[in-house]
Number of protein chains: 2
Amino acid sequence: MFRENRTKLAKSIKSTMDESALIVLVGGPSTTRFDSDNEPVFRQESYFWWLSGVKDADCALILDEDGRMTLLVPNLPEDYATIMGHIKSKEEWKELYGADDVDFTENLEQVLESKVVSNDKSTKILLMEGVNSDSGNTYDLAPEFKSNKLVEQQDKTTLFPILAECRVHKSKLELALLEHVAQISSFAHSYVMRNLKPGMMEYQAESLFMHYAYFNFGSRLVSYTSICGCGPNAAILHYGHAGEPNARLIGEEDNCLFDMGAEYQCYASDITCSFPANGKFSAKYLPIYNAVLQAQITVYEMLKPGVSWVDCHKAAEKTILTALAEMGIVSKGPDVSFDDLVELRLGGIFMPHGLGHFIGIDTHDVGGYLPGHQPRIQLPGLSKLRTARLLEENMVLTVEPGCYFIDHLLDGALNNPALSKYLNEQKLKPYRGYGGVRLEDVLAITKDGCVNFTVCPRTVEEVEGVMAGGKWPPMKDSTPELRRINLVRASPMLGPLGT
Amino acid sequence: MFRENRTKLAKSIKSTMDESALIVLVGGPSTTRFDSDNEPVFRQESYFWWLSGVKDADCALILDEDGRMTLLVPNLPEDYATIMGHIKSKEEWKELYGADDVDFTENLEQVLESKVVSNDKSTKILLMEGVNSDSGNTYDLAPEFKSNKLVEQQDKTTLFPILAECRVHKSKLELALLEHVAQISSFAHSYVMRNLKPGMMEYQAESLFMHYAYFNFGSRLVSYTSICGCGPNAAILHYGHAGEPNARLIGEEDNCLFDMGAEYQCYASDITCSFPANGKFSAKYLPIYNAVLQAQITVYEMLKPGVSWVDCHKAAEKTILTALAEMGIVSKGPDVSFDDLVELRLGGIFMPHGLGHFIGIDTHDVGGYLPGHQPRIQLPGLSKLRTARLLEENMVLTVEPGCYFIDHLLDGALNNPALSKYLNEQKLKPYRGYGGVRLEDVLAITKDGCVNFTVCPRTVEEVEGVMAGGKWPPMKDSTPELRRINLVRASPMLGPLGT
């Protein structure tokens, strides 16, 4: 898989550049927690992983225009063998990672110089430099050369957008991995649902999820910090961090919003389930839940190459606004259409985040805003979209519509005459502090549509069934509109310890 | 607890300095994984935690000479409330962390200048600067002032050793926390023991441990990356990292060495259990295991204020060498004593690490080598000791003797005429690749001895009993020499999901 990725990058570079080129990437360094000697489990930097599959820290690589890789590895002291384990020989490194050549990381400059000399003089050394459009962070692992010759020949503009674009379209093997990790995560969610009871703490759900995915499927890390909100916490989009550590007692009347994803071989999943803690949908919760589920289905009917992600986002908003109108929360006269309300950005009050995002080695995967594609739209709500691109085959995205009741957003809308006339304050009142619903699946764009890798219980009947201890996955697919391709062919769900 | 810590530090500073002083500490910043927006669960920097108990990132504090704390907190944008949760008011910050005053972190310099002005001119501003003796890392969170006045009055030498020394002696509340987290970890180890079967993967033990501690006791983090080695991996001291990720299948004849500790409220535990995977001690394993257990007991009989940690280490080595002599692996004539062999550093071949270390907020807690105490001893093996101090009341340490068969160390000793004459190569042979045994408890030094906070199965009978599904903890303490004060008074072990 990684060799295929290297070839893909080398080809892309070759088709862009006239000169010959060497690509240099530095992997993640080993780190400690502040000045202590506590070493968190190392997780490779994502670009480096995509090219190499190297799980070890302190490495680097040089890729030539034919995709041949020289792997640079740490020169470990002898007592490493006592403390950390067997020191691999160069042959073992070669074998393990399919490298064409192996040297020590500390020799990066020398190795590079000798390669530049053996090539002709116009060889460019391509280094990574750019900004991640999700975090706003600048990539900062590129080496700084001491040698003037190398500095003269370095090129920091070509590589970043090309490598990012390579990661946008997934290969067959990448698709298979993303499918697998979505399935692991779906079963882990189902396991949580089946075992959750009011009276438990939110973090117990996180613990069940992580244990299920690690114990049964070797998923040591999660793709992101688990969000296990119940009650009002379900309206905090990224709840669960150290400041709000999933530490509420789950009440009998609470609804849960659990957003968790396993990671496997550095490939991410990102799945959200929402459900009532007591296992029975109330009349108050039901219309909100179904609005969000319907938004998913609406989007799945649109997804195919050529479709704009912005249009999908607006379609989800429209579906939710329509449902809120049926509940009387949104009110409009016959002269105003739901499309008008969407353009007024009313939907962003209830769904203040983007419809979804690319997913791959990163949960919020790269390539959302690259040169040559639709730039970020500077309008409320739409500015939060992690991409505004037209869809293409083999893109993998999450679809995660949501509907939340967030006081400061509702207050803002009620104080804004342009929006307040379309809201019914009285009907809204009972939903204040009520939390929210989000449903999130992982889908791949196919030649003419999409497939859903997620196999979670989604319909009201499915959720109530699993929460009552019913079998999962089901024998028959009651809702093919959800396009859960693995639903009936998936193996039965395991419990930890085989139960 | 944190207020008490602040008072303790303020008093120590006051008794050292003639001038008045303000202490400035910066807490850990929020971080992402490389340039992505993946945010690992934030864990506060340990010095900052000891003084403040603040779980949030991007804070700072100013402490005056009476221990009054001004807490500086991030100035969060409004949409934080949508994404991350309720934005606390200054009153709420004060209340939550017992701060005397609250301001924004971005105002640190201004707040400090106004305090310096209101004090007299000789006020020193104490900043942290120093090297962690376990990691060799330099503390690097101290602020760099732009204001010349502040730069003139800063003092970077006084604070570090005093604050580190304050953390060496634990308060009553700290002792209670360390006792609690040792108990959580002990039960989690016992749970793993009871559920472990040959045919499982090493990482499944890690998953069971973490789930038990988190699900039952809210311990979200472990104090360090879990070491779950079986077979030959048991001889790799810090196995389990990303390069060697606990991924071996546990064989019928394998012995396990599991070194894992839960963290609770940022207080660490660090406990190791060793046992045969199939639950029955073999004739080959038994003498090694009992040698290490006997080394623990030997040390526990020595531990009390005034005793040198180096002497304890040597006593453990001597006990192990004596047992190896009984097995015929070590051979010596009557004219050579075991103490002679210890001084020859033969013990370091079988136990190539220190006897243990301080433990507190960090697993390898600070204060091992501070000015005014015994410096590091530059001899093989002894140089690995994390402290060489004389013991004092309310120090908390791990005691973790071990005996391993590590090829490159054994080969080195066999090729060294000074050592090889005391080794029987033939008797050693069957133990090549056999792994090793380590037993590790957490103990506190009392006025006249020690108490052991760990409540793991330790004797052969106890281990075999729990692995056969027997009750734990026991009704009676068969081995009071292990000083497990909570053994019979501990609550019965829970299973996750109450089983």
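**Loop, cavities, helix packing and cis bonds**

Student: Where is A:Phe34 placed?

Tutor: The model is predicted, so local features need pLDDT of at least 70 and side-chain atom pairs pLDDT 80 or more, whereas totals for chains, interfaces and linings use all residues. Residues are numbered from 1 along each chain as written, chains are lettered from A and ligands numbered from 1 in written order, and side-chain values use heavy atoms without hydrogens or water. With helices (DSSP H or I, at least four residues) and strands (E, at least two) numbered from the N terminus, A:Phe34 is in the chain A loop between β1 (21–26) and α2 (46–52).

Student: What is the phi value of A:Phe34?

Tutor: A:Phe34 is a residue other than glycine, and its phi is positive. The value is near 50 degrees.

Student: Which residues line the largest cavity?

Tutor: The search of the whole structure gives two cavities of 30 Å³ or more (a cavity is a set of points on a 1 Å grid where a 1.4 Å probe fits but cannot get out; lining residues have an atom within 4 Å of a point). The largest has a volume of about 50 Å³, the space filled by probe spheres set on the points. From chain A the lining takes A:Arg33, A:Phe34, A:Asp35 and A:Ser36, and from chain B it takes B:Glu45, B:Ser46, B:Tyr47, B:Asn132, B:Arg167, B:Asp362 and B:Val366.

Student: How many residues of each class line the second largest cavity?

Tutor: This cavity holds about 30 Å³ of space. Its lining includes B:Asp134, B:His357, B:Phe358 and B:Arg386. Counting Ala, Val, Leu, Ile, Met, Phe, Trp, Tyr, Cys and Pro as nonpolar, Asp, Glu, Lys and Arg as charged and the others as polar, the classes are one nonpolar, four polar and three charged.

Student: Are helices α8 and α9 of chain B parallel, antiparallel, perpendicular or oblique?

Tutor: Helix α8 (residues 172–195) and helix α9 (residues 202–217) of chain B pack with axes 9 Å apart, at an angle of about 135 degrees. Angles under 35 degrees count as roughly parallel, over 145 as roughly antiparallel, and 65 to 115 as roughly perpendicular, with the rest oblique. The angle therefore makes α8(B) and α9(B) oblique.

Student: What is omega for the cis peptide bond between B:Trp472 and B:Pro473?

Tutor: B:Pro473 is in the segment after α17 (460–467) of chain B. In chain A, a cis bond joins A:Trp472 and A:Pro473 with omega about -5 degrees. For the bond in chain B, omega is about 0 degrees.

Methods. On a 1 Å grid over the protein atoms alone, a cavity is a set of points where a 1.4 Å probe fits but cannot get out, and a pocket is an open set with protein on both sides within 12 Å along at least five of seven lines; lining residues have an atom within 4 Å of a point. Axes are lines fitted to C-alpha atoms, for helices over the stretch in contact, and angles run from 0 to 180 degrees between N-to-C directions.
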